[in-house]
Amino acid sequence: MFFKKLRADINAAKQNDPAARSKFEIWLTYSGVHALSWHRAAAFFYKIKLKLIARIISQWARKRTGIEIHPAAKIAPGVFIDHGSGVVIGETAEVGEGTILYQGCTLGGTGKETGKRHPTIGKNCVISAGAKVLGNITVGDYAKVGAGAVVLKDVPPHATVVGVPARIVRIGGSKDGIDLYQEKEDSYQTNITYLLKKTEYLQDMLVSLAKECGKTVPEKFTLPEQKEGDGEENLQESIKE
């Protein structure tokens with residue numbers, strides 16, 4: 001059984017890494033394959049209640065590979081951890097067959113839950129470099145998580161999510177019906193720019209109305225240096241001036 005799973009891991013690496021030249025090289029040099037092998041050994045001891053030995057093995061594997069996998073995590077055969085440095089997989093996490101995990105990704109918890117508190121990753125998913133998938137959520141089969149994304153909600157199958165927090169940008173390779181505005185521009189910057197333009201427009205309207213009423217209003221408002229508790233009073237005095 002152990003060697004069958006090892007062969008599946010090596011085959012996954014050979015299939016997904018263009019730099020892989022031979023299965024023998026993968027077996028000797030790939031830290032992701034080594035980490036998964038040591039994880040299965042640790043998981044065996046964890047299941048038979050020798051949890052201290054399991055934790056020792058997992059920590060030793062972390063020092064050797066840079067990949068930290070809790071012994072209780074459930075990882076199917078055929079998972080590929082590419083490069084692997086900085087990958088963290090939590091206690092109740094589950095990873096489906098054919099999934100690819102890139103360096104720096106985290107399958108972690110939010111720190112506020114008990115029981116099942118880590119994500120469940122479906123089959124043939126891609127968790128890109130630096131992505132953080134947090135909490136008891138599900139990433140559906142064939143889903144893709146973009147580099148650096150922070151996923152806090154369920155991801156449907158065949159979806160692609162990016163950003164902080166992560167948003168869906170594709171489903172099933174199609175962009176129909178999905179808001180892709182953030183792919184072209186920073187949505188926060190766009191909203192702030194809109195509010196600034198609206199404020200300038202309202203200010204011009206106020207100046208125009210004040211002139212019609214024979215009152216003097218400064219062309220540009222200068223906010224005074226605010227102190228805690230008196231910001232509103234200072235603003236009103238500035239407008240009166």
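How many bridges join strand E12 to strand E14, and in which sense do these strands run? Two bridges link E12 (residues 144-145) with E14 (residues 159-162), and the pair runs parallel. Keep in mind that you're looking at a predicted model.

**The six-stranded sheet**

Let's put that pair in its setting. E12 and E14 belong to an open sheet of six strands, in the order E3-E6-E9-E12-E14-E15, and the pairing is mixed. Why do E3 and E15 each have a side without a neighbour in the sheet? Strand E3 (80-81) and strand E15 (167-171) stand at the edges, each with a single partner strand, so one side of each stays free of a sheet neighbour.

At the E3 edge, two bridges connect E3 with strand E6 (residues 100-101), and these strands run parallel. At the E15 edge, E14 and E15 are antiparallel and share four bridges. So that you can find these pairings on screen, here is one bridge from each.

| Strand pair | Residue | Bridge partner |
|---|---|---|
| E3 and E6 | isoleucine 81 | leucine 101, in E6 |
| E12 and E14 | lysine 144 | threonine 160, in E14 |
| E14 and E15 | valine 162 | arginine 167, in E15 |

E14 and E15 also make a hairpin, with four residues between them. Look at glycine 163 in that turn: its phi is positive, about 100 degrees.

**Helix H3 and what it packs against**

Now for a helix. H3 covers residues 31-47, which is 17 residues. At 1.5 Å a residue it should span 24 Å, and its end C-alpha atoms are indeed 24 Å apart, so the two values agree.

Which residues of H3 are buried? Among them are Val33, Ala35, Leu36, His39, Arg40, Ala43 and Tyr46. The buried residues of H3 pack against quite a list of elements: helix H1 (2-16), helix H2 (23-29), helix H4 (51-65), strand E1 (68-69), strand E2 (74-75) and E3. That last one, E3, is the edge strand we met in the sheet. Just after H3 comes lysine 49, whose phi is positive, near 75 degrees.

**A cavity and a pocket**

H3 turns up again when we look at empty space. How many cavities of 30 Å³ or more does the structure hold? There is one, and the largest cavity contains about 50 Å³ of space. Its lining is made of Ala35, Trp38, His39, Ile57, Ser58, Ala61, Ile67 and Ile69. H3 and H4 each give at least two residues to that lining. Ala35 and His39 are also on the list of buried residues in H3.

The largest pocket has a volume of about 330 Å³. Fourteen residues line this pocket, and Lys5, Arg40, Ala43, Phe44 and Lys47 lie nearest its centre. H1, H3 and E2 each contribute at least two lining residues. Which element gives the largest share? That's H3, with six residues.

**Two cysteines**

Last stop: the cysteines. The count of disulfides is zero. Is cysteine 105 buried or exposed? Its relative accessibility is 0%, so cysteine 105 counts as buried. Cysteine 213, by contrast, has a relative accessible area of 60% and is exposed.

Note on methods: Residues numbered from 1 in each chain as written. Predicted model: local features only at pLDDT ≥ 70, side-chain atom pairs only at ≥ 80, totals over all residues. Heavy atoms only, no water. Pairing = 2+ DSSP bridges. Disulfide = S-S within 2.5 Å. Buried < 20%, exposed > 50% of the residue type's maximum accessible area, 1.4 Å probe, protein only. Expected span 1.5 Å × (residues − 1). Contact = heavy atoms within 4.5 Å. 1 Å grid on protein atoms, 1.4 Å probe; cavity = no way out; pocket = protein on both sides within 12 Å on 5 of 7 lines; lining within 4 Å. Points joined across faces, edges and corners; volume = space filled by probe spheres on them.
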